[in-house]
Amino acid sequence: MKRKRTNLTRILTASLIYLELIVVAVIVIYPLIWIVGSSFGSSKGLANASAIPDHATLRNYIDLFRNTDFPVWYMNTLKVAAANMFFGVLLSTLGAYAFSRFKFKGKKASLLSILILQMFPAFLTAIAVYMLFLNFGLLDSLTGLVFVGVAAQLPYNIWLLKGYLDNISTSFDEAALIDGASRTQIFVRIIVPLATPMLTFVAVLQFAAPWMDFILPRLLISSEEKKTVAIGLYSMISDQTKNEFTLFAAGSVLIAIPIAVLYIVLQKYLINGLTAGGDKG
Amino acid sequence: MTALHTKQTPAWAAGLLSAIVWGAGQTLNRQYLKGLLFFLIGAGAFAIEIATGRYTDMAGGFRFRENGGFFLKGLWGLFTLGTQPRTMGLTGLTAGDHSIVLMANGIIALFILLLFLFFYIWNIRDAAKARSQLNETGMLHSSLQEIKKLWESMYAYIILSPAALLTLFICVLPIVFGVLIAFTDYSRSNLPPTKLVHWVGLNNFVTVTEVFSWMHTFLGVLLWTFVWAILATITTYFFGFFQAVLLNSSIVRFKKLWRSIYILPWAVPAMISALVFKSMFNGQFGPISQFLLDMGLTSERIYWFTDPSNTNLARILALLINLWLGFPYFMALIGGTLTTVSESYYEAARMDGANAGQMFWKITFPIVYKATAPLLMLSFVSNFNNFGVIYFLTEGGPANPDYNFAGNTDLLITWLYKLTLDNRLYNMGAVMSIIVFLIVASFSLINLRKSKSFEEL
């Protein structure tokens, strides 16, 4: 008798759990299916967009490449993202190496300033950056965008990487030093390989950021041919008169898929990195 | 012995020499190369000033505005913010001062001057130190030896310098600039180049606290920002926790499949998701509104984010959409922590006759909470400044006529954006930035003081 009851509760719990899992899964997936479906929709407006379009067509994707500047925006963003990743990783690793492995005057003060800097909302500086770039002729250039993109994340990245390097024993460095390796060799041959998990995290974030960064390009970029995808996509949807919803959907799908794949493949690194960011304050 | 004694120059004299002429003290110490280097740095500073100024044309005496070079004119500009506005003539704008450009140049000049000041003090101290060493031991390193030693000890500085320069000019400089703007009247009614900006002291801060509409907006937005940040953090954390525990249970099969589905909102860029939701909940054309109408559940279209008579609807919906966006991260995180909880705890509890609820609240929750608590504060801070969700989803709407340039779902950060970019009230925006920073910094500091890395500092 008793066993039967536990069996019943077990089945009941199991079905409740599965019900919950299915409901949540539907809520999670539906908006994504809806936007993918809309991107194949044959009528351009939002009103007729649906998850399962009546007459599925690739026209939106073709239009996106033929009749809009999407390919240009895409290439711009790709360039910015690549440069952002390269310089972001390079500068923050070098900085973290210096802070983690060397004693020097002003180290404490610099670390404290890094801590304070990373608390500033990037927005506070954006207007000022705009005025400064106006002064130095960096306005409306992708280079300027990279400068700001790298600098804005630098304090956080250095702090994060420094914390990671601090946890790696210095015995490897010391052994190499005895063998006559220079400090630059130690950096390239020992520190960089050991810090790869955290470097991956920084690299992915630095690469992914420009695809979705809105405020900075909106401020710093004005000409059509220098726009990044975030600005381009936003202009498609914010202009109610344009009625380009399905184009926006197609563009979104093309951006979201590579980023999502990247995030899912590297999710272990990313979650660990974010966790470390919290632990280190 | 006495001969040597008379030859001794006191250390302060070498320092004084270097104070008068860069590198002179080093030359006295017979460290010629080092002296030359210091001299060149000092001469460089003067050369910049002379070359960029107009020192040949001083008929009317020295005037900062007309004759000053990079440093002197820069400092003059920073103090006065210009004296001659440009006016619209028949042939275009006349020549004059642009207050904001002057301010930016002034800050840069000040920064570089401080850098030179650092070298100047180093130059004096070095001369005095080397001299006293010479007096005591009668020995001195050659310049070359010292420079080599310096190079070794400078390795950290050298590899730090690119990061430091970038941070200085693109983070620190703008922050100083932004803070200074809060003390000026730089706004749409007073835009350069045809008008001059002035220092107004604490006037803008007084306006925020004393003018009712500003105070009203500020307190309203601040309160909602706190409510938003707290609720957004709690909902994502607990729902993520809940999903992680469910997935961890032995009943559930195909765990990997479920997890891959739930991680999607985290992997898709948040801006795209927010814009998709904005379209889905579009009052006029959106599918949700249409669906409810078709099913006969509502008699008219619902204007989710724009209906001023139903502000809580927009707020609750924004929180729910934020939950959609935010729970996967905590789910993945807590899922990872759950696997580290030793099974032996549960076995022991089961032997003592504990039920599932007790096991959760007495074992699972405390362990996971302890491991994830620092992230809660981090999540609170990032929700406090969650520009993306609010701006792309609601644009701050529904509009609130009682507020100054803010809607009912506006957070401090989106209000700040509207103040500066849409309404060009740069000075008020700067005041708000300072307030946002103070709030965020105080919360971050609470978190930080508990962390290990801070103690090491």
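Where in chain B is Phe254(B) found? I will come back to that in point 7, after a walk through both chains.

1. **Confidence.** A word on the model to begin with: it is a predicted one. For chain A the average pLDDT is 86, and 93% of the residues score at least 70. Within chain A, helix 3 (residues 70-101) has the highest confidence, with a mean of 94, while helix 5 (residues 122-136) has the lowest, at 71. Please keep that in mind when you look at helix 5 of chain A.

2. **Chain A, secondary structure.** Chain A has 13 helices and zero strands, so its radius of gyration is best read with that in mind: at 24 Å, this is well over the 19 Å that the globule rule gives for 281 residues, and chain A is more spread out than a compact globule. The C-alpha trace of chain A spans about 75 × 70 × 35 Å along its principal axes. Of the 281 residues in chain A, 42% are buried. Long-range pairing is well represented: among contacts between residues at least 6 apart in sequence, 74% join residues at least 24 apart.3. **Chain A, annotated segments.** The UniProt annotation "transmembrane region", from an unreviewed entry, covers residues 12-36, 80-99, 111-133, 145-165, 186-209 and 245-266 of chain A. Two of these can be set beside the model. Residues 12-36 of chain A are 100% helix and 0% strand, with end C-alpha atoms 36 Å apart. Residues 186-209 of chain A come to 96% helix and 0% strand, and their end C-alpha atoms are 30 Å apart.

4. **The contact between the chains.** How many residues of chain B are in contact with chain A? There are 71 of them, and they meet 71 residues of chain A. On the chain B side, helix 9 (residues 155-181) gives the largest share, with 16 residues. That side of chain B consists of 55 nonpolar and 16 polar residues, with no charged ones.

5. **Chain B as a whole.** Chain B has 22 helices and two strands. Its radius of gyration is 32 Å, whereas a compact globule of 457 residues would have one near 23 Å. Along the principal axes, the C-alpha trace of chain B spans about 100 × 75 × 35 Å. Buried residues account for 36% of the 457 residues in chain B. Of the chain B contacts with a separation of 6 or more, 61% are between residues 24 or more positions apart.

6. **Two domains in chain B.** The domain assignment splits chain B into domain 1 (2-201) and domain 2 (208-456). Their C-alpha centres lie 47 Å apart. Where the two domains of chain B touch, nine residues of domain 1 are in contact with nine residues of domain 2. The domain 1 side of this contact holds four nonpolar, three polar and two charged residues. An unreviewed UniProt entry also annotates residues 222-447 of chain B as "domain: ABC transmembrane type-1". Over that stretch, residues 222-447 of chain B, the model is 73% helix and 0% strand, with end C-alpha atoms 21 Å apart.

7. **Positive phi outside glycine.** Back to the opening question: Phe254(B) is found in the loop between helix 11 (212-248) and helix 12 (255-262) of chain B. Its backbone deserves a look, since most residues other than glycine have a negative phi. For Phe254(B), phi is near 55°, a positive value. Phe254(B) has 9 other C-beta atoms within 10 Å, so it is exposed, the cut-off for that class being 12 or fewer. Glu395(B) is another residue to check, with a positive phi near 50°. Glu395(B) sits in the loop between helix 19 (387-393) and helix 20 (412-422) of chain B. Here the C-beta neighbours inside 10 Å number 18, and Glu395(B) therefore counts as partly exposed.

8. **Helix 17 of chain B.** Is helix 17 (residues 343-351) of chain B well covered or hardly covered? Hardly covered: zero of its nine residues are buried. Just after helix 17 of chain B comes Gly353(B), where phi is positive, at about 80°.

9. **Thr207(B).** A last residue to visit is Thr207(B), which lies in helix 10 (residues 203-210) of chain B. Thr207(B) is partly exposed because 16 other C-beta atoms lie within 10 Å. From Thr207(B) to Met428(B) is 221 residues in sequence, yet the C-alpha atoms of the two are 8.9 Å apart in space.

Technical notes
Residues numbered from 1 in each chain as written. Chains lettered and ligands numbered in written order. Predicted model: local features only at pLDDT ≥ 70, side-chain atom pairs only at ≥ 80, totals over all residues. UniProt positions renumbered as here; feature names shortened; annotations may be inferred. Helix = DSSP H or I, 4+ residues; strand = E, 2+ residues; numbered from the N terminus. Rg over C-alpha atoms; globule rule 2.2 N^0.38 Å. Buried ≥ 20, exposed ≤ 12 C-beta atoms within 10 Å, placed from the backbone. Contact = placed C-beta atoms within 7 Å. Nonpolar A, V, L, I, M, F, W, Y, C, P; charged D, E, K, R; others polar. Domains from an automatic or database assignment. pLDDT = per-residue confidence, 0-100.
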